[in-house]
Each structure stands twice: as C-alpha cells, then as structure tokens.
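Dear colleague,

I am passing on to you a structure that you have not worked with before, and below it I have set out what was found. Please keep the model open beside this message as you read.

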Amino acid sequence: MALKIGITGGIGSGKSTICKVFSLLGAPVFEADPVAKTLIDTDPGIRKGLIDLFGPDIYTANAGVDRKKLASFIFNDEIQLAKVNALVHPAVRAEFMEWADSQDVPYVIHEAAILFESGFYKMMDFTLLVTAPDEDRIKRVMTRDGSSREQVVERMQKQWSDNEKRKLATIEIKNDNRELLLPQIIRIDKQLKEYGKIW
Ligand SMILES: CC(C)(COP(=O)(O)OP(=O)(O)OC[C@H]1O[C@@H](n2cnc3c(N)ncnc32)[C@H](O)[C@@H]1O)[C@@H](O)C(=O)NCCC(=O)NCCS
Ligand SMILES: Nc1ncnc2c1ncn2[C@@H]1O[C@H](COP(=O)(O)OP(=O)(O)OP(=O)(O)O)[C@@H](O)[C@H]1O
C-alpha cells in the first residue's frame with residue numbers, strides 16, 4: 001500500500017508548483033479542492049444537503065453551485081462553514097482513500113489548502129508544509145490571478161498561520177528563493193521512495 005503524503009501551505013506558497021515536480025518524479029497527486037468542487041456540483045447527497053441549508057437558489061440553472069453565494073454564506077459564518085464541510089469532506093475523504101488504495105507506487109500525494117484545518121492530515125503518514133514569505137506570496141498571487149493586494153491579504157488572514165501549521169507538519173519545504181527548491185524536493189522524494197519500499 002502506498003504511503004499517504006499530505007501537502008499544504010498558505011495561498012501562493014507554491015503547493016501546486018511543488019506538486020507538479022513530485023508528479024514529474026512519479027508520484028500520483030490527488031488535488032482535494034477540485035475534487036470537492038466537482039462533488040458539490042454532482043453528488044446528489046451533497047446537493048440535497050446544500051439545498052436544505054441554503055435553499056434551491058444555491059445552485060444555478062446550469063446545475064453548478066453558485067460559488068459567490070456559497071462563499072458569502074460560509075466564509076463569514078463558522079457554523080455554516082462547519083455544516084458544509086461536514087457534508088463535503090467525508091465524500092472527499094472516501095474518494096481519496098479509494099484512489100490511494102488503487103495506486104501501486106511507494107507514495108501518493110494529497111494536496112489540500114486546508115489539510116490541517118479539515119483534520120485530513122490525520123489520515124496521512126507524513127505531511128509537508130510549503131512556506132514562503134508573505135510578501136512573496138502576495139506578489140505571486142497578484143501576478144497569477146490578477147487579484148488586488150487587499151484581496152490576497154484578506155484570504156491570507158482567514159487561513160491558519162504558518163506557525164500554527166508547523167506544529168502539525170512533518171517536514172517544511174521552503175519556497176523562498178533563498179533555499180533551492182529542487183534539491184529539497186528531490187531529497188524528500190528519495191527518502192519517501194526508500195521508506196515506501198519497506199513500508
Ligand atoms: C465556497 C467556494 C465556492 C468559494 O469559492 P472561491 O473561488 O471564492 O474561493 P476558493 O475556492 O479559491 O477558496 C479560497 C480559500 O478559502 C479557503 N477554503 C475553501 N474552502 C474551504 C472550506 N471548505 N473550509 C475552510 N476553508 C476553505 C481556503 O483557504 C482557500 O484557499 C469554494 O471555496 C468551495 O467550493 N469550497 C468547498 C470545497 C472545499 O471544501 N475545498 C477545500 C478542500 S477539501
Ligand atoms: N519560487 C517561486 N518563485 C517565483 N514564483 C513562484 C515560485 N513558486 C511558485 N511561484 C508562482 O507563484 C504562483 C503561486 O504558486 P502556486 O499556484 O503553486 O501556489 P499554491 O500554494 O498552489 O496557491 P493557492 O493556494 O492559491 O492555490 C504561481 O503562479 C507560481 O508559478
């Protein structure tokens with residue numbers, strides 16, 4: 001059975017970029033967020049649950065969820081956020097476990113922005129935390145998404161701080177353009193492949 005490796009980090013830290021490198025090194029990557037979003041749009045149980053919570057208008061005419069509406073209901077109300085997460089996260093978890101068990105490799109990667117916040121980290125054998133200075137992250141996301149500094153800072157403030165995440169992480173990957181990124185990833189990949197062999 002493949003080792004399960006969780007990878008997380010704040011907005012713009014470089015999770016997706018680093019996952020691309022792990023993928024090139026042969027590690028299958030499960031991206032939790034798009035899976036969660038697809039399930040919200042397509043899973044009948046989740047659909048019913050969201051309609052019960054927020055009414056039928058939470059879905060648009062073309063069947064997808066109204067993202068702006070859902071964000072406005074949950075991002076300023078912790079109770080509603082917890083209810084939505086309780087509907088969506090068990091389904092994501094089940095999909096991940098089934099996917100992971102079908103992979104014949106030393107290790108697989110689970111990428112999630114809220115790996116620690118959601119408790120998903122408890123299902124992982126090891127966790128990797130990607131960090132970078134706030135200013136670098138802000139500039140990267142402004143360039144990537146065309147968002148304003150204020151929009152990025154607002155999102156950052158809603159996420160756990162790196163210090164909180166460090167307490168739960170096995171290994172930190174520094175994506176700060178001071179410590180070289182590729183040697184860090186190659187070292188971790190080598191260790192995981194060795195460890196995966198004897199697991
Ligand atoms: C509510 C939605 C429609 C808002 O979409 P929007 O494009 O405005 O925001 P985006 O998806 O980029 O998320 C922004 C940030 O919010 C935080 N966040 C997103 N979903 C969650 C969640 N379920 N719980 C806690 N924080 C969350 C993350 O820190 C993320 O970086 C969207 O976030 C969503 O569908 N979320 C549920 C999917 C999910 O649970 N994803 C988390 C991984 S399992
Ligand atoms: N070391 C780096 N130097 C410069 N740019 C970088 C570096 N690492 C990542 N980037 C760029 O910064 C942006 C953010 O990186 P990425 O999308 O990988 O972050 P993320 O952690 O997955 O973000 P999010 O949580 O918003 O999805 C991307 O455009 C990426 O190409």
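**The surroundings of ligand 2**

Around ligand 2, two helices, α1 (15-24) and α6 (134-145), each contribute at least two residues to the shell. Please bear in mind throughout that this is a predicted model. The shell of ligand 2 comprises 15 residues, and the closest are Lys-15, Ser-16, Thr-17, Arg-140 and Arg-144. Sorted by class, the residues around ligand 2 are eight polar, four nonpolar and three charged.

**Domains and ligand 1**

The protein chain is divided into two parts, domain 1 (1-28 + 106-199) and domain 2 (36-102), and the C-alpha centres of domain 1 and domain 2 are 24 Å apart. Where the domains meet, nine residues of domain 1 are in contact with seven residues of domain 2, and on the side of domain 1 that touches domain 2 there are five nonpolar, two polar and two charged residues.

Where does ligand 1 lie with respect to domain 1 and domain 2? Ligand 1 lies between them, because domain 1 and domain 2 both give residues to its shell. That shell holds 20 residues, of which the closest are Ala-32, Ala-36, Arg-67, Ala-71 and Ala-113. The elements that supply two or more residues to the shell of ligand 1 are α2 (32-42), α4 (67-74) and α5 (78-101), and α2 gives the most, with five residues. By class, the residues around ligand 1 are 13 nonpolar, five charged and two polar.

**Helix α5 and Ala-36**

Helix α5, one of the elements that supply the shell of ligand 1, has 24 residues and reaches 33 Å from its first C-alpha to its last, which is close to the 34 Å expected at 1.5 Å a residue. Within α5 there is nevertheless a kink of about 30° at Ala-86, shortly before the proline Pro-90. The buried residues of α5 include Val-84, Leu-87, Val-88, Val-92, Phe-96 and Ala-100, and among the elements that cover the buried residues of this helix are β1 (3-9), β2 (29-31), α2, α3 (44-54), α4 and β3 (107-111). As background to such a pattern, an α-helix has 3.6 residues a turn, so residues three or four places apart point the same way.

One of the residues closest to ligand 1 is Ala-36, which lies in helix α2. Ala-36 counts as buried because 21 other C-beta atoms lie within 10 Å. Once neighbours within four places in sequence are left aside, Ala-36 is in contact with Val-88 and Val-92, both of which are among the buried residues of α5. Between Ala-36 and Gln-151 the C-alpha to C-alpha distance is 23 Å, and the two are 115 residues apart in sequence.

**Two exposed residues**

Asn-177 is found in the loop between β5 (171-174) and α9 (181-198), and has a positive phi of about 60° although it is not a glycine. Most residues other than glycine have a negative phi. Asn-177 counts as exposed, because it has 10 C-beta neighbours inside 10 Å.

Is Glu-154, in helix α7 (residues 149-158), buried or exposed? Glu-154 is exposed, since 12 other C-beta atoms lie within 10 Å. The C-alpha atoms of Glu-154 and Phe-116 are separated by 20 Å, and these residues are 38 apart along the chain.

With best wishes

Note on methods:
Residues numbered from 1 in each chain as written. Chains lettered and ligands numbered in written order. Predicted model: local features only at pLDDT ≥ 70, side-chain atom pairs only at ≥ 80, totals over all residues. Near = placed C-beta within 6 Å. Helix = DSSP H or I, 4+ residues; strand = E, 2+ residues; numbered from the N terminus. Nonpolar A, V, L, I, M, F, W, Y, C, P; charged D, E, K, R; others polar. Domains from an automatic or database assignment. Expected span 1.5 Å × (residues − 1). Bend = angle between axes of the 7 residues up to and from the residue. Buried ≥ 20, exposed ≤ 12 C-beta atoms within 10 Å, placed from the backbone. Contact = placed C-beta atoms within 7 Å.
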